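Let's take a walk through this chain together. Keep the model open beside you as we go.

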Amino acid sequence: AKTGSHSADAEFPAIFIEYTGGEAGGMSYSLGIEYTPGEAEIGAKSRTDTNSTAGNDGGDDGTYTAKAEIEDLTTLYIEPGYQINDNFALYGKTGISHTTVKTLESLANGTDSSTYGNEQVWGAMYGFGVKAALPWGLVVKLEATEHVYEDITLQSTTGNLNKVTADVDSSDIRLSLIHI
């Protein structure tokens, strides 16, 4: 079994709709849904194999590229918070997420070729943040969140029938500007 690890940074926009209510004794909550349009690459690795055994007719010389991206990331969340004063609040954040992991491999070399399907993945999200009310009806949110997704297992449907298992998680720092 071969193992590897990959880490990547990506910047991408998201849109969200949020309802805030229940303000009593400084406590409040927000319910929201966030959608990230488009795709973001979550990893790409390449390996070049050269056949050094004379007479081997596998024809598996070449470069193998494993690549994946996520698309249509959607998160449903709740933010319980505490209002420090009229302009400043602290909040926690928790929710559930769903995304599609698209495999974009290039592994078609001789007998070692493989193709993998896409996978629907669920995850949990948690974090914390601060909100600040600005003049002109604007609110700024700064938050740090973690997404912990279920493990992904992909089974090749062709060639060598390899199995790939991935543990995909993300750490995010977000800055949002909201017009109220």
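Which residue in E5 stands opposite threonine 100? That partner is glutamine 120. Before going on, note that this is a predicted model, where local features need pLDDT of at least 70 and side-chain atom pairs count only at pLDDT 80 or more, while totals for chains, interfaces and linings use all residues. Numbering starts from 1 along each chain as its sequence is written, and side-chain values use heavy atoms, with hydrogens and water left out.

Now zoom out. The protein chain has nine strands and zero helices (DSSP runs numbered from the N terminus, with at least two residues for a strand, E, and at least four for a helix, H or I). Of its 180 residues, 32% are buried, meaning under 20% relative accessible area with a 1.4 Å probe, counting protein chains only.

Back to the pairing (two strands pair if DSSP finds at least two bridges between them). Strand E4 (residues 88-103) runs antiparallel to strand E5 (residues 119-134), and 14 bridges link them. E5 also pairs with E6 in the antiparallel sense, this time over twelve bridges; there, glycine 129 has glutamate 143 in E6 as its bridge partner. E5 and E6 form a hairpin with three residues between them, and tryptophan 136 in that turn has a positive phi of about 70°.

Follow E6 (138-149) to its end and you reach glutamate 150, in the loop before strand E7 (152-155). Glutamate 150 has a relative accessible area of 38%, so it counts as partly exposed, the class between the buried limit and exposed, which is over 50%.
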